[in-house]
Amino acid sequence: MLILKYLEVQPNMTVSPSSRPVICRFAPSPTGFLHIGGARTALFNWLFARHHGGQFLLRVEDTDRARSNQDAIYAILRGLDWLGLSWDGEVVFQHTRIETHQAAAHRLLAQGQAYKCFATPEELTEMRERARAEKRTPKYDGRWRNRDPNEAPAGAPYVIRLKAPPEGETVIQDAVQGTVTIANSELDDMVLLRSDGTPTYMLSVVVDDHDMGISHVIRGDDHLTNAFRQTQLFHALEWEPPVFAHIPLIHGQDGSKMSKRHGATGVEDYRDMGLLPEALRNYLARLGWSHGDDEIFSTEQAVEWFSLEAIGRGPSRFDQAKLETINAHYLRAVDPKVILPDCVARLGEKRDRALNSDEQARVEKALPFLTERVKTLVELSDLAYFLVADRPIPMDKKATKALTEDARERLADIYPRLQGIGEWTETNLKSVLDEALAEWQIGFGKLGQPLRAALCGQMAAPSITDVLAILGRNESLGRISDQLATKGQSKPID
RNA sequence: GACCCCUUCGUCUAGUGGCCUAGGACAUCGCCCUUUCACGGCGAAAACACGGGUUCGAGUCCCGUAGGGGUCGCCA
């Protein structure tokens, strides 16, 4: 149904592609999760479509049934959804269109633009090996191109190949790479239909892109050479090719192709690492594309500014540190309510026990003081852990070191003063601390450090009064007395 | 190996022949702020791959070299 809809907007094309309605597509093959490179490709397509008020379609390239699996499809959809890249209409599954693809091949066969090839896999292997040995480009030699199919043994399997132009050159006007030309003699006659009658990727893509009315194909430049073959196919079918835009690949930190050894490569890994989707979008948009010196920009701005001309032509390396810095910006700006559930969930996992409502309230109150100190949601929950740790709370090395004999004495001194506070408010807390400091003639650090250690078990934390207020009277006093007790000092009187 | 593409600080990039003494951001280092950790502010170091042209003038145009990447399947 959906496909018919796009067929309707596809009259006999006489106009140039650039004047067509803008329809982009993201066409992943469901062989794994949504790769970070794929995510950026999807993002660029999405931005371009939104910028032009066009459509962004999703097509699952699953013609190779053996390599496709349901989990991968879900993972890809989840990834896109998480990233906020909504597609228009329903997902097109390529395998449902096989008959249409086959029809196109048979039409070319009938028109003499394609032919049956009976070359065996062994023959092809031999051709390739010889070519390599002679340092030529390996390719099919066209041995069945002009041969009578009747010469083949009866019932022998065959593929259908395109009768590609043997001379001249094929040119594509790539919106990113510019004019790219290749001699037709470099290309061989591509297979359209396999010996089992199923269509190849090359055929399916061309037929689907045409039928879906795709005006712009934005994809990784590993497809650049495919664009030549696809252009030949478009010509043979007498369809106008879309505008191609081949964007450079994303490389790992070491400059080689992004792969598993670079750690996280799936978008869902980034979600688990505690990144906000808007931060990833911002980072990915800035990677290989630019709008002057702008670094932090909203998705709306990206949509408004996006253009293919501003995409760089060289590959770019993935920089985790910069990603996290951008994430930190968004973390500080985000409404705490949005990230609270995530933080609560991570803390529950860390502790192996869900947070009760009191603890949740504690975390909620603390969030604004915490987000400005971390770069990811993982760091956030690490930092927040002390809020919900069971007493006596764990002490890290620096905290232990801060709790000197001297320090414990001060804690013992301050304990009854805190205990005597009427209303446990920040203002009252502050004045009690200030009074003590004035009395003892010491700087805030001398008291603050031990308090921080006792209260947080770590030195990285919000300000002391904030912590006291968030923890509340009972918990605060309890944590302080825990430290007094461990040193064998007399327990303060309740 | 063949073909195609790419090449500005460590990284992402601005730059479309004179505004470039090459700008910004991340990372790094220093200083300031400071009750810790962060934030923030100020500052430093850091690049036009190389060689030839064209031009009054080149990061910007052309050619070559080097380096990097991609593709070469009845995979997608």
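This short presentation describes chain A and the surface it offers to RNA strand B, as seen in a predicted model.

Let me begin with the protein as a whole. Chain A contains 20 helices and 12 strands. Its C-alpha trace spans about 105 × 45 × 40 Å along the principal axes. The radius of gyration is 32 Å, whereas a compact globule of 494 residues would have one near 23 Å. Half of the chain, 50% of its 494 residues, counts as buried. Among contacts with a separation of 6 or more, 76% join residues that are 24 or more positions apart. The accessible surface of chain A amounts to about 23,300 Å², and carbon and sulfur atoms account for 50% of that area.

I turn now to the RNA. Around RNA strand B there are 62 residues, of which Arg 194, Asp 293, Arg 373, Arg 452 and Met 459 come nearest. By character, this surface comprises 23 charged, 20 polar and 19 nonpolar residues. On the RNA side, sugar or phosphate supplies 71% of the atoms within 4 Å of the protein, and bases supply the rest.

Which parts of RNA strand B do Glu 295, Lys 375 and Met 459 approach? Glu 295 places a polar side-chain atom 2.7 Å from a base nitrogen. For Lys 375, a polar side-chain atom lies 3.2 Å from a phosphate oxygen. Met 459 differs in using its backbone: an N or O atom there is 2.4 Å from a base oxygen. Several elements give two or more residues to the surface near the strand, including α5 (121–133), β7 (178–183), α11 (320–333) and α18 (444–456).

Definitions and conventions: Residues numbered from 1 in each chain as written. Chains lettered and ligands numbered in written order. Predicted model: local features only at pLDDT ≥ 70, side-chain atom pairs only at ≥ 80, totals over all residues. Heavy atoms only, no water. Near = heavy atom within 4 Å. Polar contact = N/O pair within 3.5 Å; in protein donor to acceptor, adjacent residues only side chain to side chain. Helix = DSSP H or I, 4+ residues; strand = E, 2+ residues; numbered from the N terminus. Nonpolar A, V, L, I, M, F, W, Y, C, P; charged D, E, K, R; others polar. Rg over C-alpha atoms; globule rule 2.2 N^0.38 Å. Buried < 20%, exposed > 50% of the residue type's maximum accessible area, 1.4 Å probe, protein only. Contact = heavy atoms within 4.5 Å. Areas by Shrake-Rupley, 256 points an atom, 1.4 Å probe, with all protein chains shown as cover.
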